[in-house]
Amino acid sequence: KDDFIVLGIESSCDDTGAAVVRSDGVILGEALASQSHIHEEWGGVVPGLAKTAHEEALDRVIQTALDEAGTTLHDVDAIGVTVGPGLEICLRVGAQRACELAQEYNKPFVGIHHLEAHIMMARLENKELEWPFLSLLVSGGHCQILSCHGVGNYSILGGTLDDSLGECFDKTARLLGLPVGGGGGPAVEALAKEGDPTAIPLTIPLLKRKDCDFSYAGLKTNVRRAAEQLAMERGVESALELSRQDKANIAASFQNIAIVHLEQRLDRAMTLVEKQDKAIRTLALVGGVAANQELRSRLNVLCEALGWTMVVPPPRLCTDQGAMAAWAAIERLKLGSSDDPSNQEVYARYP
Ligand code: KG4
Ligand code: ZN
């Protein structure tokens, strides 16, 4: 079949997503149920609550995506679902339903690797993006530089030694009393616009380590200590009681150093790659944190300076949603590859 349509389902963390995507990359219908209001109260994702919310939302989300695409389960050509990595009990909700539907409607089935799906979104965004290319994957759970050679074929040039960047954004949001449900990144980014990025002195991580790895745990502590210090100077009880301007300065300073660290590691990785692989001159910026405008524009400047091209999906396709599962399935199906829905596991960790 020339053109085929795939239903994709994503439930690896706190977003219940479904989408119908055509094999040429056109998103025909999509729906996303956010659980941010549920997790807001707890200051982070609570797996048990997330699982229940997925169960309650999933069928409705699938139906909405199908309706918007003007199709039905009878007429989709295949089903793809995220099977890892992620929260096991959450992954299972989407995976079980997808396996049942694939068997009931007798459809080809593809189990999706969530990180690969984030990377593939760069190829949905830019149809001219050919393998191989370099990826910076920055999400709530991961922070990696990968050279990407083909579907299922990646090598990791650097990863985080401790926390991910998304986690660090979320912790900073919590420290400053900003909304954290659904991720604190957008709130930190918004407040940082009002702040001075040089106001709070913070240390750039791993300056002495000449490799492509990341570390965000030190910066996280560094930000907390600086905020506590400022609270003391201002004579207030905690960082939560600082003025809006002080908080904005902290947000801007944190975001700046977090990005400087990325720039430095990427610069090294790109220089290394230039020596090893002449074919690679494109950087794909992917994962939830790639929605950050400051990060997008600064990495664009870095790429231009080095004569590279940057590809980055629109912000709403950087964070988790159903189209990523559908598109990753399409990439696999185009190669004639699929999985057995009667025998599909989910993987909390998925190398
Ligand atoms: O990829 P994603 O939706 O879920 C995971 O696979 O982890 O990434 C979520 C992460 C959260 O930590 C969230 O705070 C962060 O991405 N994020 C952002 C922005 N939008 C989402 N971080 C910084 N700036 C943003 N605009
Ligand atoms: Zn993700």
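**Exercise 1.** At what angle do helix α4 and helix α11 pack, and how far apart are their axes?

*Solution.* The model is predicted. Start with the two helices.
- Step 1: α4 covers residues 114–125 and α11 covers residues 322–334.
- Step 2: They pack at an angle of about 80 degrees, with the axes 9 Å apart.
- Step 3: Angles of 65 to 115 degrees count as roughly perpendicular. That makes α4 roughly perpendicular to α11.
- Step 4: Now list the contact. From α4 come Glu-116, Ala-117, His-118, Met-120, Met-121 and Leu-124. From α11 come Met-324, Ala-325, Trp-327, Ala-328 and Glu-331.
- Step 5: Sort these residues by class. Eight are nonpolar, one is polar and two are charged.

**Exercise 2.** Work out how the chain divides into domains, and describe the contact between them.

*Solution.* Begin with the bounds.
- Step 1: Domain 1 takes 5–120 + 318–343, and domain 2 takes 131–313.
- Step 2: Their C-alpha centres lie 27 Å apart.
- Step 3: Domain 1 puts 19 residues into the contact, and domain 2 puts in 20 residues.
- Step 4: Look at the side of domain 1 that touches domain 2. The elements giving two or more residues there are α1 (36–40), α4 and α11. Of these, α1 gives the most, with four residues.
- Step 5: By class, this side of domain 1 has six nonpolar, eight polar and five charged residues.

**Exercise 3.** Locate ligand 1 relative to the two domains.

*Solution.* Go from the shell to the domains.
- Step 1: The ligand is surrounded by 19 residues. The closest are Gly-140, Gly-166, Gly-183, Gly-185 and Gly-288.
- Step 2: Two elements give two or more residues to this shell: α5 (165–175) and α6 (185–192).
- Step 3: The shell holds five nonpolar, eleven polar and three charged residues.
- Step 4: Domain 1 and domain 2 both give residues to the shell, so ligand 1 lies between them.

**Exercise 4.** Trace the open sheet that contains β1, then place the helices that lie across it.

*Solution.* Read the strand order, then the pairs.
- Step 1: The sheet has five strands in the order β3-β2-β1-β4-β5, with mixed pairing.
- Step 2: The edges are β3 (27–34) and β5 (109–113), each paired on one side only. From one strand to the next, the twist averages 15 degrees.
- Step 3: Take a parallel pair. β1 (residues 5–10) and β4 (residues 78–84) are joined by four bridges. Val-6 has Ala-78 of β4 as its bridge partner.
- Step 4: Take an antiparallel pair. β2 and β3 share seven bridges. Gly-17 has Leu-32 of β3 as its bridge partner.
- Step 5: Check the hairpin of β2 and β3. Four residues lie between the strands, and Gly-25 has a positive phi near 95 degrees.
- Step 6: Add the helices. α2 (residues 47–69) lies across β1, β2 (15–22) and β3, at about 160 degrees to β3. α3 (residues 88–104) lies across β1, β4 and β5, at about 155 degrees to β4.

**Exercise 5.** Which strands stand at the edges of the sheet that contains β6?

*Solution.* Set out the order before naming the edges.
- Step 1: Five strands form this open sheet, in the order β8-β7-β6-β9-β10 with mixed pairing.
- Step 2: β8 (153–159) and β10 (309–311) each have a single partner strand, so one side of each is left without a neighbour in the sheet. These are the edge strands.
- Step 3: Here the twist averages 25 degrees from one strand to the next.
- Step 4: Inspect one pair. β6 (residues 133–138) and β7 (residues 143–150) run antiparallel over six bridges. Phe-133 stands opposite Cys-148 in β7.
- Step 5: Helix α9 (residues 293–306) lies across β9 (282–286) and β10, at about 155 degrees to β10.

**Exercise 6.** Describe the backbone geometry at Pro-85, Pro-132 and Asn-106.

*Solution.* Take each residue in turn.
- Step 1: The Gly-84 to Pro-85 peptide bond is cis, with omega about -10 degrees. Pro-85 sits in the loop between β4 and α3.
- Step 2: The bond from Trp-131 to Pro-132 is cis, with omega near -5 degrees. Pro-132 is in the loop between α4 and β6.
- Step 3: Asn-106 has a positive phi, near 55 degrees, and is not a glycine. Asn-106 lies in the loop between α3 and β5.

How values were computed:
Residues are numbered from 1 along each chain as its sequence is written. Chains are lettered from A and ligands numbered from 1 in the order in which they are written. This is a predicted model: local features need pLDDT of at least 70, side-chain atom pairs count only at pLDDT 80 or more; totals for chains, interfaces and linings use all residues. Two strands pair if DSSP finds at least two bridges between them. Axes are lines fitted to C-alpha atoms, for helices over the stretch in contact, and angles run from 0 to 180 degrees between N-to-C directions. Two residues are in contact if their C-beta atoms, placed from the backbone, lie within 7 Å. A residue is near a molecule or strand if its C-beta atom, placed from the backbone, lies within 6 Å of it. Ala, Val, Leu, Ile, Met, Phe, Trp, Tyr, Cys and Pro count as nonpolar, Asp, Glu, Lys and Arg as charged, and the others, Gly among them, as polar. Domain bounds come from an automatic or database domain assignment. Angles under 35 degrees count as roughly parallel, over 145 as roughly antiparallel, 65 to 115 as roughly perpendicular and the rest as oblique.
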